[in-house]
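Colleague: Got a minute to walk me through this one? I'd like to hear about the packing, the rings and the charges.

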Amino acid sequence: MSKNKIERISGRAPDELRNVSIKAGVIKNADGSALIEFGKNKIMAAVFGPKEVHPKHMMVSDRAIIKCRYHMMPFSTDTRKRPNISRREIEISKVIREAVQPAIIMEDYPRTAIEIYIEILQSDGGSRCAAINAASTALADAGINMRDLVTACAAGKVDGQVVLDVDDTEDKTGEADMPIALLPNTGLITLFQLDGNLSKEEFDKALELAKIGCDKLYKLQRDALSEKYFDGKNGNKEE
Amino acid sequence: MKTNSVERKYVMPGDVVIEGDHNPLANVIKSGNKIISTKIGMAEISYNGVRVIPLNGTYIPRIDDVVIGKVADMNGFAWEIDINSWFFGILTGSAVFGRQFSSSRDSMKSQFNKGECLIAKILSFDRTRDPLISVSGPGLGKINEGEITYITSSKIPRVIGKKGAMIKLIEENTGCRMTIGQNGAILLKGTDEARTKARNAVKLIGNQAHISDLNDKVISLISK
């Protein structure tokens with residue numbers, strides 16, 4: 001880090017992620033599950049299915065449907081959050097659903113529903129990205145046919161500087177926040193949002209940073225899955 | 001390059017199993033020149049093509065599979081059987097009583113009641129309709145004794161082993177009779193001790209299906 005750059009509040013370098021740990025298969029009753037700790041975020045994702053669709057009129061005859069619920073626990077924030085599903089949660093549920101949908105081979109499961117439940121136990125900034133990482137790990141854990149895993153990471157602009165992985169304080173004081181999700185093996189982007197303003201150069205840099213962050217998270221997702229299934233062997237690709 | 005030998009490696013969704021002209025067999029998709037895995041499991045590259053043996057996932061019914069199920073619901077015409085998949089298996093009255101089946105004359109309860117277990121065969125399934133099952137055939141029908149243990153359906157081939165080697169090994173060493181349902185349900189018959197031993201062996205296979213020296217581990221577990 002060069003001297004003229006302003007230090008971040010958390011003391012991280014501009015291209016440094018928060019501490020992340022992912023664990024797969026944490027819930028016995030779900031078909032697939034994952035717990036992610038992303039800085040102060042603690043997020044649990046559980047996947048059920050494929051199973052019968054209820055209500056029946058939502059059934060699609062040639063493919064599966066995906067139901068996604070993103071929900072924050074009342075104790076997840078510093079002031080109590082009302083437990084009802086809020087407008088923001090409905091939006092994030094939709095965004096997460098659309099981010100993981102391209103990875104799932106839905107034609108393999110006609111007339112079924114795949115349910116993704118995401119509970120935020122403790123929230124910090126960037127919970128939607130963390131939730132996508134957890135959800136995709138849980139989907140793979142549930143044994144659902146997928147083209148690829150989905151990895152998400154945010155980049156942003158704080159105090160005029162483009163940084164990776166914007167946390168809660170930085171999000172509130174900063175100028176821009178740009179969460180992206182992508183399929184790491186093909187590089188296809190499945191989620192793209194941008195709050196705030198970025199110039200062309202800043203945007204290019206932020207996108208590049210976010211992709212680097214996604215690469216790191218992809219490795220952690222693989223580690224989590226190989227820990228459960230292969231006793232930690234062959235977690236990361238040799239080639 | 002096509003060879004006669006079988007190569008194995010661990011894969012996850014999105015991993016390129018192999019590049020080149022290969023035949024995608026199961027749990028893989030072809031994208032351009034690449035064969036990509038869609039599940040967590042062991043990839044097998046052989047002369048016939050590429051397949052991934054999954055380590056998890058729900059049972060997908062296939063025609064002629066023998067399954068072990070439980071009566072979940074019944075009405076005047078058919079039983080709904082929980083076969084450990086995402087749809088119930090449908091056992092129609094005429095499949096049990098024959099062509100002359102009449103819902104007013106024949107009592108459904110005289111054959112199968114709610115909660116009873118049975119061994120059945122998948123008659124038809126094409127993913128657009130619920131699987132139809134049948135209990136007519138040797139070895140099929142109501143289960144009167146024994147216990148059922150469950151394992152991930154993709155690991156059933158490991159329980160059976162090469163030409164039935166593993167199942168033979170467990171049966172001979174424990175004295176427990178096993179009937180295997182392709183849906184991941186295994187019926188164990190025998191003394192308490194025999195069943196406990198067999199159950200533990202099945203559990204071991206479930207936990208360590210990806211390990212190559214499974215036979216030795218099962219033997220050492222049983223002979224303890």
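**Packing, rings and charges**

Modeller: At 6% and 3% relative accessibility come two charged residues I'd start with: Asp165(A) is the one at 3%, and counts as buried, while Arg12(A), at 6%, is buried too. Buried here means under 20% relative accessible area, exposed means over 50%, and partly exposed is in between, with a 1.4 Å probe and protein chains only. Bear in mind that this is a predicted model, where local features need pLDDT of at least 70, side-chain atom pairs count only at pLDDT 80 or more, and totals for chains, interfaces and linings use all residues. Residues are numbered from 1 along each chain as its sequence is written, chains are lettered from A in the order in which they are written, and side-chain values use heavy atoms, with hydrogens and water left out.

Colleague: How far apart in sequence are the parts that Arg12(A) and Asp165(A) tie together?

Modeller: The two form a salt bridge, with the closest N and O atoms 3.3 Å apart; the term means a side-chain nitrogen of Lys or Arg within 4 Å of a carboxyl oxygen of Asp or Glu. Arg12(A) lies in the segment before strand S1 (20-24) of chain A, and Asp165(A) in the loop between strand S7 (161-164) and helix H3 (168-173) of chain A. Helices (H or I, at least four residues) and strands (E, at least two) are DSSP runs, numbered from the N terminus. So the parts tied together are 153 residues apart in sequence.

Colleague: Which residues are linked with Arg12(A) and Asp165(A) in a network of salt bridges?

Modeller: Over all chains the structure holds 27 salt bridges. The network that includes Arg12(A) and Asp165(A) also links Arg8(A), Arg18(A), Asp124(A), Asp167(A) and Glu170(A).

Colleague: In chain B, which residue does Glu116(B) meet in a salt bridge?

Modeller: Glu116(B) is partly exposed at 24%, and its partner is partly exposed at 36%. Glu116(B) sits in the loop between helix H1 (93-97) and strand S11 (117-124) of chain B, and the partner is in strand S13 (residues 141-142), so parts 26 residues apart in sequence are tied together. The N to O distance is 3.5 Å, and the partner is Lys142(B).

Colleague: On to the greasy part. Which helix gives the most to the largest nonpolar core?

Modeller: A nonpolar core is a set of buried Ala, Val, Leu, Ile, Met, Phe, Trp, Tyr and Cys residues joined through side-chain atoms within 4.5 Å. The largest has 74 residues, and those with the most contacts inside it are Ile116(A), Ile118(A), Ile132(A) and Leu139(A). With 10 residues, the top contributor is helix H4 (residues 200-229) of chain A.

Colleague: What is Ile132(A) in contact with, leaving aside its neighbours within four places in sequence?

Modeller: Contact means heavy atoms within 4.5 Å. By that rule, Ile132(A) touches Ile96(A), Ala99(A), Val100(A), Val150(A), Ala152(A), Ala181(A) and Leu191(A).

Colleague: And the rings: are the planes of Phe97(B) and Phe101(B) stacked or edge-to-face?

Modeller: Rings of Phe, Tyr and Trp (its six-membered ring) pair if their centres lie within 6.5 Å; planes under 30 degrees apart count as stacked, over 60 as edge-to-face and the rest as tilted. Phe97(B) is partly exposed at 25%, whereas Phe101(B) is buried at 17%. Ring pairs link both into a cluster with Trp79(B) and Phe112(B). The centres of Phe97(B) and Phe101(B) are 5.5 Å apart and the planes are at 15 degrees, so the pair is stacked.

Colleague: Last bit: how much area is buried between chain B and chain A?

Modeller: In contact terms, 26 residues of chain B meet 32 residues of chain A. There are 2 salt bridges between the chains, and Arg222(A) forms one with Asp15(B), at 2.7 Å between the closest N and O atoms. Buried area is the accessible area (1.4 Å probe) that two parts lose on being put together, summed over both. Carbon and sulfur atoms give 57% of the total, which is about 2400 Å².

Colleague: Which three residues supply the most of what chain B buries against chain A?

Modeller: Together they supply 26% of that area, more than any other three residues. They are Tyr10(B), Met12(B) and Trp86(B).
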